[in-house]
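Colleague: I want to go over the charged pairs in this one. Can you put it up?
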Amino acid sequence: MPDDETRLRLPSQVTARLDVSASTLRRWSKEFAPFLSQAAGYPELSPDGGSSHRRYTDEDLETFIIIKGLLAEGYSYHQVAKRLEALRVG
C-alpha cells in the first residue's frame with residue numbers, strides 16, 4: 001500500500017539542509033507563515049493544550065531555499081514576501 005501522506009521533516013533536518021540556526025528557521029517560519037504549509041507556519045496545539053512542534057514539507061524546504069537566496073542577495077524581509085507572493089500568483 002503506497003504512503004499517500006506528505007513526508008514531514010523535523011526542524012533539525014531543515015536547519016541542517018539549509019545550514020541555518022534553529023532560531024533563524026523559527027523566525028523565517030513566523031515571518032513567512034502565509035507561504036508555508038499549515039504544519040510549518042501555524043502548527044496546531046497538541047492534545048494536552050501545549051504548543052506542538054513545527055514540521056516541514058518538501059515544498060516548505062523549497063520555499064526556504066528561495067528565502068535564503070533572496071536574503072543573501074540583500075532583499076529585505078518585506079521584499080522577500082513580495083517576491084514569494086508574486087511567485088505564488090504567477
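Modeller: One term beforehand: buried means under 20% relative accessible area, exposed over 50%, and partly exposed in between (1.4 Å probe, protein chains only). This is a predicted model, where local features need pLDDT of at least 70, side-chain atom pairs count only at pLDDT 80 or more, and totals for chains, interfaces and linings use all residues. Residues are numbered from 1 along each chain as its sequence is written, and side-chain values use heavy atoms, with hydrogens and water left out.

Colleague: How many salt bridges does the structure hold?

Modeller: Three, taking a salt bridge as a side-chain nitrogen of Lys or Arg within 4 Å of a carboxyl oxygen of Asp or Glu.

Colleague: What does D58 pair with?

Modeller: With R9; their closest N and O atoms are 2.8 Å apart. D58 is in helix α4 (residues 58-72) and R9 in the segment before α1 (11-18), so the bridge ties together parts 49 residues apart in sequence. Helices here are DSSP runs (H or I, at least four residues), numbered from the N terminus.

Colleague: Is R9 buried or exposed?

Modeller: R9 is buried, at 19% relative accessible area, while D58 is partly exposed at 31%.

Colleague: Moving on to α5. How far apart are R88 and E85 in that helix?

Modeller: Three residues, or about one helical turn, within α5 (residues 77-89). Their salt bridge is 2.7 Å, N to O. R88 is partly exposed at 49%, and E85 is partly exposed at 32%.

Colleague: And what about E31 and R27?

Modeller: Those side chains form a salt bridge at 3.8 Å, N to O. The two residues are four apart in helix α2 (residues 22-31), about one helical turn. E31 is partly exposed at 39%, and R27 is partly exposed at 42%.
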